[in-house]
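Trainee: I'm new to this one and would love a close look at its largest pocket. Could you take me through that part and then on to whatever it leads to?

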Amino acid sequence: MLVLGIESSCDETAAAVVDESGLVHSDVVRSQVALHAPYGGVVPELASRDHIRGITLVIRTALARAGVDFAAVEGVAVTSQPGLSGALLVGVQTAKGIAWARNLPLVAVDHLVGHLLAVLLRRERDQTPIPLSYPFVALLASGGHTAIYRVDGPALSQIRELGATRDDAAGEAFDKVAKAIGLGYPGGPLVDRLATRGDATRFPIPVPMARRDSLEFSFSGIKSFVARHVAEHGRPKTEAELADVCAGFQRVVVESLVGKTIRAALSERVTSVVLSGGVAANGELRRVAGEACARAGLSLAVPPLASCTDNAAMIAYAGALRLARGERDDPSFRTATHTALLRVTRKGGGPRRAGRPPIG
């Protein structure tokens, strides 16, 4: 089954052709980084307009690279949530039009489910599938989302949030810290590159939400710590000082992400851990997670960089699995800015309700 996937939830216009085995026949991503860079972040209206300009060409290119036309496509999958309202609407309306015109089954895909399943994609025909089976614990860290999930299967009902951020997402913190110290946008790759040359001990930051009985995150305080340092001492004046700040910031974010993910896996008594989302492309996160999993006797599955950032291949694959199960969506479905996955972590400060028992 060949499925056309369409992704337009934020600042990438993407289309891909994937089959239900996870083999990627084509994957085209049109980035908007240059468009939003002058503003230091994504401008929703500009994103939506650029999706309109680019989506037809991206879809045609994806079909051409796969060596097929619409006659070979057996289904359409599209990101319906979460994301920017206007951006989502462009992709969804395009997918609905294609499905109607070609009389093809249509499925809506939650963007986060796509990320959680992206590790199962095969980007080369002779690539050996990752030896991963359900259940597994996944860390999903990106610019808009940071959470730990237990994944018992590909369906929404089989995915359970174990803990998430109370405030900023990890990728959002990277961008805000990069802006505070005078780096460009997006901040994640820039901070990661500089951090490899820095000394984290010269810029120590306390690990937030360090309680061992919590799987929740908080990155707003780290951002504020760096902002206060800049307000008191000014921006780093040398590249060495800049690298030290990046190293100290990145160390504490990675330590928080990895520590809680390992504790979640041990608590859930699963043997496999998955990294997903744009922050999973971070070199230190991949290295530290690998070392921590080895010490804990856990296996680690990390997708290639192309499967970490937003892409349509993960959407097509998640949609192909739904279609293979006989699922279809009525064309009247709507977009939503929030995920369909059940959220258990409440945003903001203050006392938490009793619920999840302390982890051991």
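Mentor: Happily! The largest pocket encloses about 1400 Å³ of space. Here a pocket is an open set of points on a 1 Å grid over the protein atoms alone, with protein on both sides within 12 Å along at least five of seven lines, and its lining residues have an atom within 4 Å of a point. Grid points are joined across faces, edges and corners, and the volume is the space filled by probe spheres set on the points. Please keep in mind that this is a predicted model, where local features need pLDDT of at least 70 and side-chain atom pairs count only at pLDDT 80 or more, while totals for chains, interfaces and linings use all residues. Residues are numbered from 1 along each chain as its sequence is written, and side-chain values use heavy atoms, with hydrogens and water left out.

Now look at the walls. The lining of the largest pocket takes in 49 residues, and those nearest the centre are S142, G143, G144, H145 and E172. Two or more lining residues come from each of α4 (111-117), β7 (146-151), β8 (159-164), α5 and α6 (187-195). Such helices (H or I, at least four residues) and strands (E, at least two) are DSSP runs, numbered from the N terminus. Which element gives the most to this lining? It is α5, with six residues. Sorted by class, the lining holds 16 nonpolar, 22 polar and eleven charged residues. In this scheme Ala, Val, Leu, Ile, Met, Phe, Trp, Tyr, Cys and Pro are nonpolar, Asp, Glu, Lys and Arg are charged, and the others, Gly among them, are polar.

Let's follow the two strands in that list. β7 and β8 run antiparallel and are joined by five bridges; strands pair if DSSP finds at least two bridges between them. You can find A147 standing opposite A164 of β8. β8 is mostly covered, with five of its six residues buried (buried means under 20% relative accessible area, exposed over 50%, partly exposed in between, with a 1.4 Å probe and protein chains only).

Next, take the helix α5, because its residue F174 leads to another part of the chain through an aromatic contact. The structure holds four aromatic pairs. Rings of Phe, Tyr and Trp (its six-membered ring) pair if their centres lie within 6.5 Å, with planes under 30 degrees apart counted as stacked, over 60 as edge-to-face and the rest as tilted. One of the pairs joins Y134 and F136: their ring centres are 5.6 Å apart and their planes meet at 20°, so this pair is stacked. Y134 is partly exposed at 33% relative accessible area, whereas F136 is buried at 1%. F174 and F249, in turn, make an edge-to-face pair, 4.9 Å from centre to centre with 80° between the planes. This pair links distant parts of the chain, since F174 sits in helix α5 (residues 170-180) and F249 in helix α8, 75 residues apart. Both F174 and F249 are buried.

That brings us to α8 and an enclosed space. One cavity of 30 Å³ or more is counted; a cavity is a set of grid points where a 1.4 Å probe fits but cannot get out. The volume of the largest cavity is about 30 Å³. Its lining consists of V258, T261, I262, V273, L275 and A289. α8 (239-268) and β9 (272-276) each supply at least two of the lining residues, and α8 gives the most, with three. Five of the lining residues are nonpolar, one is polar and none is charged.

Two further spots are worth finding on your screen. G221 is in helix α7 (residues 220-233) and is partly exposed, at 43% relative accessible area. Its C-alpha atom is 9.5 Å from that of A173, 48 residues away along the chain. P38 lies in the loop between α1 (33-36) and α2 (44-66) and is exposed, with a relative accessible area of 65%. The C-alpha atoms of P38 and Y185 are 8.1 Å apart, although 147 residues separate the two along the chain.
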